Amino acid sequence: MFATVLVALVALLHAYFLVLEMFLWDKPFGLKTFQNTQEFATASKVLAANQGLYNGFLSAGLIWGLVGGGPQVQIFFLACVVVAGVYGAASVSRKIFFIQAVPALLALGAIYLGV
C-alpha cells in the first residue's frame with residue numbers, strides 16, 4: 001500500500017510539472033517557480049511545453065502501472081524518472097535530483113521492499 005501511495009505521488013508530481021511547463025511557464029506563477037524572466041520564458045515557451053509533455057508521459061505511464069500495468073511498468077517509469085532527475089541535476093540544477101529523482105527512488109525502494 002505504501003509503495004502505491006508513493007508511485008501515485010510521483011505520478012501527481014509529474015502531472016504538476018506538465019501543468020507548470022505547458023500552461024504556466026510564462027505566467028507569474030511559472031516565472032516565479034522557475035525564476036525566469038518574461039523574456040526568457042517567452043523565448044523558451046515551446047521548449048518548455050515539449051518538456052512538460054514528456055513529464056505528462058511519465059505521469060501517464062505511472063498511472064498505467066497503478067491501474068493495471070503492474071509493478072514492472074511502475075519500475076520502468078520510475079527508473080525513467082530517476083534518469084531524468086539525475087540528468088537534470090547534472091545539467092541544470094542539483095535541486096532537480098531532490099525534487100524529481102529522490103521521490104522516484106523512494107517509490108522504487110518501497111516496491112522492492114514490498115511495503
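**Helical packing around H4 and H5 in a predicted model**

Leucine 105 is located in helix H5. In this predicted model, leucine 105 has a relative accessible area of 39% and is therefore classed as partly exposed, since that class covers values between the 20% limit for buried and the 50% limit for exposed residues. Apart from its neighbours within four places in sequence, leucine 105 is in contact with Val82 and Phe97. The C-alpha atom of leucine 105 is separated by 8.8 Å from that of valine 81, a residue 24 positions away along the chain.

Helix H5 covers residues 95-113, 19 residues in total. From its first C-alpha to its last, H5 reaches 27 Å, close to the 27 Å expected at 1.5 Å a residue. A bend of about 40° is found in H5 at alanine 101, and proline 103 follows within four residues. The buried residues of H5 are Gln100, Ala101, Ala104, Ala107, Leu108, Ala110 and Ile111; alanine 101 is thus listed among the buried residues as well as being the site of the bend. An α-helix has 3.6 residues a turn, so residues three or four places apart point the same way. The buried residues of H5 pack against helix H1 (2-22), H3 and helix H4 (71-91). Just after H5, glycine 114 adopts a positive phi of about 70°.

Helix H4 has 21 residues and reaches 30 Å between its first and last C-alpha atoms, close to the 30 Å expected at 1.5 Å a residue. Buried positions in H4 are Val73, Gln74, Phe77, Leu78, Val81, Val82, Gly85, Gly88 and Ala89. These buried residues pack against H1, H3 and H5. Val82, buried in H4, is one of the contacts of leucine 105.

Glutamine 74, a residue of helix H4, counts as buried because its relative accessibility is 10%, and the cut-off for buried is under 20%. A polar atom of the glutamine 74 side chain lies 2.9 Å from the backbone oxygen of glycine 65. With neighbours within four places in sequence left aside, the contacts of glutamine 74 are Val7, Leu62, Gly65, Leu66 and Ile111. Of these, Ile111 is one of the buried residues of H5.

A second glutamine, at position 35, is placed in the loop between helix H2 (28-34) and helix H3 (38-69). Glutamine 35 counts as exposed because its relative accessibility is 69%, the cut-off for exposed being over 50%. Most residues other than glycine have a negative phi. Glutamine 35, although not a glycine, has a positive phi of about 55°.

For the protein as a whole, the secondary structure consists of 5 helices and 0 strands, in the order α-α-α-α-α from the N terminus on. The radius of gyration is 15 Å, which agrees with the value near 13 Å for a compact globule of 115 residues. Along the principal axes, the C-alpha atoms fill a box of roughly 45 × 25 × 20 Å. Of the 115 residues, 37% count as buried. Among contacts with a separation of 6 or more, 54% are between residues 24 or more positions apart. The accessible surface comes to about 6900 Å², and carbon and sulfur atoms account for 74% of this area.

Technical notes:
Residues are numbered from 1 along each chain as its sequence is written. This is a predicted model: local features need pLDDT of at least 70, side-chain atom pairs count only at pLDDT 80 or more; totals for chains, interfaces and linings use all residues. Side-chain values use heavy atoms; hydrogens and water are left out. Helices (H or I, at least four residues) and strands (E, at least two) are DSSP runs, numbered from the N terminus. Buried means under 20% relative accessible area, exposed over 50%, partly exposed in between (1.4 Å probe, protein chains only). The expected span of a helix is 1.5 Å times one less than its number of residues. The bend at a residue is the angle between axes fitted to the seven residues ending there and the seven starting there. Contact means heavy atoms within 4.5 Å. A polar contact is a pair of N or O atoms within 3.5 Å; within protein, one must be able to donate a hydrogen and the other to accept it, and residues adjacent in sequence count only if both atoms are side-chain atoms. The radius of gyration is taken over C-alpha atoms; the globule rule is 2.2 Å times the number of residues to the power 0.38. Accessible areas come from the Shrake-Rupley method with a 1.4 Å probe; for residues, only the protein chains shown count as cover.
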